[in-house]
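Visitor: Please take one part of this model and go through its packing closely. Then set it in its surroundings.

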Amino acid sequence: MAESLGFVGNVEYRHVYSQRSGGAQYGRGSTEKDDLLIVYAEAFERDADREDFSLEAMIAHERGHQILARHPRIAKCVTGIPAASEEILASVLGAILCNRESDRLTLYGKAVCDLLVCGQDSESAERQIQTLLETLEAML
Amino acid sequence: MIGTKKLSTIRKELEKALGENPIAELDRHIANAKRDEEGTEIMEGLKKFLQRAQKSKRRKPRIVTKR
């Protein structure tokens, strides 16, 4: 699944619950081939819950983080951005990569929600995420 | 990291931000964006996201009676 989403590097499953990852975590290696995607036990519990993210959506989000770190054009533009902003961008990138519409919609929802938490009103948040979507699609 | 916030919580937060009638509010946002010649994929995506959640809430299990 990770490979089909374009992930380069190693994928490991850890049969433990992570503290705060939510199910999966990207780790940057010294080179792209050394990058690591860790999938934790709760990823499968969330995937089984209809009211929560699918495994593909979670992995797509982590692939989004890899793109932010490794894509030659995108990585240059996001150097030094706050972690909260990086999470929003990873969700938008993950949405672009997802095969299923339902997964795309969940990641759109997450991205907009993360902007609402920063104090944006809903219409502004939606327009900003739309701009990010169009910009990132053009850069990929 | 996608974080520990459940999707159902995200949906509730979006609905709260959109007010009493979230779908109507999104329709208003879509109309505004089209008027401004901006893209509406995110807004229309949110609308589908919320509508699908509403549909799955309304779907009641079929009760089968034994005769």
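Guide: Start where two chains meet: helices α5(A) and α1(B) are oblique to each other. (Under 35 degrees counts as roughly parallel, over 145 as roughly antiparallel, 65 to 115 as roughly perpendicular, and the rest as oblique.) This is a predicted model, in which local features need pLDDT of at least 70 and side-chain atom pairs 80 or more, while totals for chains, interfaces and linings use all residues. Residues count from 1 along each chain as written, chains are lettered from A and ligands numbered from 1 in written order, and side-chain values use heavy atoms, without hydrogens or water.

The helix α5 of chain A covers residues 101–117, and α1 of chain B covers residues 7–18. (Helices are DSSP runs of H or I, at least four residues; strands are E, at least two; both are numbered from the N terminus.) The angle is about 60°, and the axes lie 9 Å apart. (Axes are fitted to C-alpha atoms, for helices over the stretch in contact; angles run from 0 to 180 degrees between N-to-C directions.) The crossing is left-handed: the near helix is turned anticlockwise from the far one by less than a right angle, clockwise being right-handed.

On the chain A side, α5(A) brings Thr106(A), Gly109(A), Lys110(A), Val112(A), Cys113(A), Leu116(A) and Val117(A). From α1(B) come Leu7(B), Ile10(B), Glu13(B), Leu14(B) and Ala17(B). (Contact means heavy atoms within 4.5 Å.) By class, 8 of these residues are nonpolar, 2 polar and 2 charged. (Nonpolar: Ala, Val, Leu, Ile, Met, Phe, Trp, Tyr, Cys, Pro; charged: Asp, Glu, Lys, Arg; the others, including Gly, are polar.)

Within chain A, α5(A) also meets α4(A), residues 83–97. Their axes come within 8 Å and cross at roughly 160°. That makes α4(A) roughly antiparallel to α5(A). This crossing, too, is left-handed. Glu87(A), Ile88(A), Ser91(A), Val92(A), Gly94(A) and Ala95(A) in α4(A) touch α5(A). Their partners in α5(A) are Arg104(A), Leu107(A), Tyr108(A), Lys110(A), Ala111(A), Asp114(A) and Leu115(A). The split is 7 nonpolar, 2 polar and 4 charged residues. Lys110(A) appears in the contact with α1(B) and in the contact with α4(A).

Now the sheet of chain A. Its 3 strands run in the order β1-β3-β2, open and with mixed pairing. (Pairing needs at least two DSSP bridges.) The edges are β1 (10–14) and β2 (24–27). Antiparallel β2(A) and β3(A) share 4 bridges. One partnership is Tyr26(A) with Leu37(A). Helix α2(A), residues 55–70, packs on the sheet, touching β2 and β3, at about 15° to β2(A).
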